[in-house]
Amino acid sequence: MKLLVIGLGSMGKRRIRLLKEYDSSIEIIGIDKQAIRRDEVEKLYKIKTCDNMDEINFSEINGVLLCSSPLTHTKLILELNLKGIYNIFTELNLNSNFYDQIINMEEENKGILFLSSTLLYRKEIQYIKNILLLDKAKKTYNYHVGQYLQDWHPWENYNDFFIGKKETNGCREIMAIEFPWIVDVFGEIESFYCLKDKITDLNIDYNDNYHIILKHKNGTIGSLQFDVVSREATTSLEIISENNHIKWNGTPEGFKVFDLNDKKMKDVGTYEKIDRKEGYSQLIIEDMYLEEISTFINSVKENRNYSKYSFRKDKEVLALINKIEGE
């Protein structure tokens, strides 16, 4: 198998590393306009890189991973299709440009069009979904995700990174990451109420914290706080019903479920082994990224799309985010 990775920033490097761990026989070529990134990747992973697609023989390529800035993904999908490439893995998008065309392509099943939604591959999320599917009682939940913007990529200025720009801002990215699993687990959203503000001196022109009340069509009510203010990287989830009480601090070690027989919270071990990468928060584990990328590879090999997410679903999520930001 021969794969092309476009974009050699943090996500491009992560995907290359995981691909090599998963199957060392996969041949990888990287593309990035920045020479410093190409040099780093060549030294780290011993792969060939180039600065544009003109140098690529696409008849030899089995699939492409789009790890460039979010606003470039949809245009690149269309360009790759013109080159005969239909097996495409793309990181999350933060707008829905060209989505109608891409949804048509997705539903024509010409190839494996695979949209990342990494938290759907997280074992704690899968465990929660399975518990709640059996729980017919009404539910409520509180969820806070936040991290100070400067700490996202401490090795670079946040204004040089897409999270510093209004159209691809950090809070919008958090929502685009979190809403897919929230909708998948708790059901479609009927209505919402939102308060938002900018409370930091960060050099940004967007709100840095959101407080959102969601009402799901099944009656579940959720309270969300998303921010780029929290000095300690924070994930805090609590789900309450008459039959269940679940708490999660975002780490594999901090996942607890109430035992109705013993009347106390108990640890739930969802991972036998945990892979963390130096330089990232303890909340970020590599296992979910590996499961997601291996699912894409298996989809390509078997010519059957095993993705847990779709552009049609993402169009609805992005429309919701637009409403939340616009109100």
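**Cavity, pocket and overall build**

Searching the whole structure, a predicted model, turns up one cavity of 30 Å³ or more. The space inside this largest cavity comes to about 60 Å³. Around the largest cavity sit Asn81, Tyr86, Met105, Glu106, Lys110, Gly111 and Leu113. Sorted by class, that lining is made up of three nonpolar, two polar and two charged residues.

Next come the pockets. The second largest pocket takes up a volume of about 380 Å³, and 17 residues line it. Nearest the centre of this pocket are Val183, Glu188, Ile189, Glu316 and Val317. Three elements each put at least two residues into the lining of the second largest pocket, namely helix H6 (170-186), strand S8 (189-197) and helix H8 (311-326). Of these, H8 gives the largest share, with five residues. As for chemistry, the lining of the second largest pocket splits into eight nonpolar and eight charged residues, plus one polar residue.

Stepping back to the whole chain, the protein has eight helices and 14 strands. Its C-alpha trace spans about 60 × 45 × 40 Å along the principal axes. The radius of gyration is 20 Å, which agrees with the value near 20 Å that a compact globule of 327 residues would have.

One stretch of the chain carries a domain annotation. An unreviewed UniProt entry lists residues 2-91 as "domain: Gfo/Idh/MocA-like oxidoreductase N-terminal". In the model, residues 2-91 are 38% helix and 22% strand, and the C-alpha atoms at the two ends of this span lie 19 Å apart.

Confidence is worth a look too. Mean pLDDT for the protein is 93, with 95% of the residues at 70 or more. Residues 279-283 are another matter, since pLDDT stays under 50 over that run. The model still gives residues 279-283 15 contacts beyond four places in sequence. Where pLDDT is low, predicted coordinates should not be read in detail.

Notes:
Residues numbered from 1 in each chain as written. Predicted model: local features only at pLDDT ≥ 70, side-chain atom pairs only at ≥ 80, totals over all residues. Heavy atoms only, no water. UniProt positions renumbered as here; feature names shortened; annotations may be inferred. Helix = DSSP H or I, 4+ residues; strand = E, 2+ residues; numbered from the N terminus. pLDDT = per-residue confidence, 0-100. Contact = heavy atoms within 4.5 Å. 1 Å grid on protein atoms, 1.4 Å probe; cavity = no way out; pocket = protein on both sides within 12 Å on 5 of 7 lines; lining within 4 Å. Points joined across faces, edges and corners; volume = space filled by probe spheres on them. Nonpolar A, V, L, I, M, F, W, Y, C, P; charged D, E, K, R; others polar. Rg over C-alpha atoms; globule rule 2.2 N^0.38 Å.
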